[in-house]
Amino acid sequence: MIMVKTSRQTSFIKTTRISTEYNNVADREVAEMVHSIESVSTGANIIIYHQRRTGEKTMKLLVLLGSPRKGGNSETLARKVAEAIEQSGGTVEYRRLNDLSLRPCQACGGCEKTGNCVIKDDMTEIYQAADEADRILLVSPVYFYALSAQCKSCGDRFQARWSRKYLLKERFRQDEGRKGYLLSTSATKGPKIFECSVLTARYIFDAMDVQYGGEFLVKGVDQRKAVLEFPEEMAKAEQFGKDMAAGRA
Ligand SMILES: Cc1cc2nc3c(=O)[nH]c(=O)nc-3n(C[C@H](O)[C@H](O)[C@H](O)COP(=O)(O)O)c2cc1C
């Protein structure tokens, strides 16, 4: 355990593989290191400092929020997953698909020669964020046994990446173990409630040249934030994030 004293606060950083390296460093020095990054000292800051110092790669998670309902069940769970990534020193970027201007795929074939979509809208930025991400979490409520329209429109636009991979035979960061996951919630509890969404998500990630890492699914939550009444599901979401960060998922 390292005790870090900064001008603002004293905090205790849990012993980790990384913090043991700093065990022999004087409190003041650690405080300065932490201070030079951000003024608040946390375990995550130490890890970020360590990663910057050693050049160790920081995991970048892109979260595509596909519900129109802000702070709803799927978003609440996604933030819990992402929190675990941040606590492990990773970085998280969110995109709320409902707030973006995304035209559905026009099947124009424009991407077939370049692997890039010809439509100029907010998807341009999603392509870039997806290319830069190491992990992608697609977050969708079940709508009529499928992904939300926001997720489906965005997913269909990855036809451009399907062209890149399958028509142009261009692989993208294929040796880097990039992974994509589906997080979904539903009101009902039918045994096949997530089947369609999982299949679609798998296929979208395949087009992105991202390996499918699995899914986190919660049935029987309907009202906004109903999932908070199930602390065991929130705990599982946190564990899912930890497993992602540790490369177990
Ligand atoms: C248009 C619409 C369609 C839905 N279709 C289904 C469905 O087919 N099966 C189901 O169990 N829940 C369905 N639901 C309920 C949502 O999946 C559920 O409330 C979910 O937890 C919402 O997630 P959110 O809070 O992140 O938006 C539907 C909700 C809406 C608004």
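**Exercise 1. Decide whether leucine 77 is buried or exposed, and place it in the fold.**

Step 1. Count neighbours: leucine 77 has 29 C-beta neighbours inside 10 Å. Step 2. Apply the cut-offs: a residue is buried if 20 or more other C-beta atoms lie within 10 Å of its own, exposed if 12 or fewer, and partly exposed in between, with C-beta atoms placed from the backbone. Leucine 77 therefore counts as buried.

Two notes on the model. It is predicted: local features need pLDDT of at least 70, side-chain atom pairs count only at pLDDT 80 or more, and totals for chains, interfaces and linings use all residues. Residues are numbered from 1 along each chain as its sequence is written.

Step 3. Find the element: leucine 77 sits in helix α4, residues 73–87. Helices (H or I, at least four residues) and strands (E, at least two) are DSSP runs, numbered from the N terminus. Step 4. List the contacts, meaning C-beta atoms, placed from the backbone, within 7 Å. Setting aside residues up to four places away in sequence, leucine 77 touches Leu183, Thr185, Phe216, Val218, Val227 and Ala237. Step 5. Look along the chain: leucine 228 is 151 residues away from leucine 77, yet their C-alpha atoms are separated by 8.9 Å.

**Exercise 2. Work out the strand order of the open sheet.**

Step 1. Read the order: the five strands run β4-β3-β5-β6-β7, with parallel pairing. Two strands pair if DSSP finds at least two bridges between them. Step 2. Find the edges: β4 (91–96) and β7 (211–218) each pair on one side only. Step 3. Add the twist, which averages 20° from one strand to the next. Step 4. Zoom in on one pair: seven bridges join β6 (residues 179–185) to β7. One partnership links leucine 182 to glutamate 215 in β7.

**Exercise 3. Find which residues touch the most other members of the largest nonpolar core.**

Step 1. Define the core: a set of buried Ala, Val, Leu, Ile, Met, Phe, Trp, Tyr and Cys residues joined through C-beta atoms within 7 Å. Step 2. Pick out the residues: of 43 in the core, Val63, Leu64, Ala78, Val81, Leu137, Leu138 and Leu183 touch the most other members. Step 3. Name the main contributor: α4 gives the most, with six residues. Step 4. Follow one member: leucine 137 touches Leu61, Val63, Leu64, Ala78, Val81, Tyr181 and Leu183, not counting residues up to four places away in sequence. In soluble globular proteins, nonpolar side chains tend to be buried together.

**Exercise 4. Compare the settings of two residues with positive phi, tyrosine 145 and aspartate 209.**

Step 1. Recall the background: most residues other than glycine have a negative phi. Step 2. Take tyrosine 145: its phi is about 65°. Tyrosine 145 lies in the loop between β5 (135–141) and α6 (149–157). It has 14 C-beta neighbours inside 10 Å, so it is partly exposed. Step 3. Take aspartate 209: its phi is near 70°. Aspartate 209 lies in the loop between α8 (195–207) and β7. It has 20 C-beta neighbours inside 10 Å, so it counts as buried.

**Exercise 5. Place alanine 226 and list its contacts.**

Step 1. Locate alanine 226: the loop between β7 and α9 (231–245). Step 2. Count: 16 other C-beta atoms lie within 10 Å, so alanine 226 is partly exposed. Step 3. List the contacts: Asn73 and Val221, leaving aside neighbours within four places in sequence.

Key
Contact = placed C-beta atoms within 7 Å. Axes fitted to C-alpha atoms, helices over the stretch in contact; angles between N-to-C directions.
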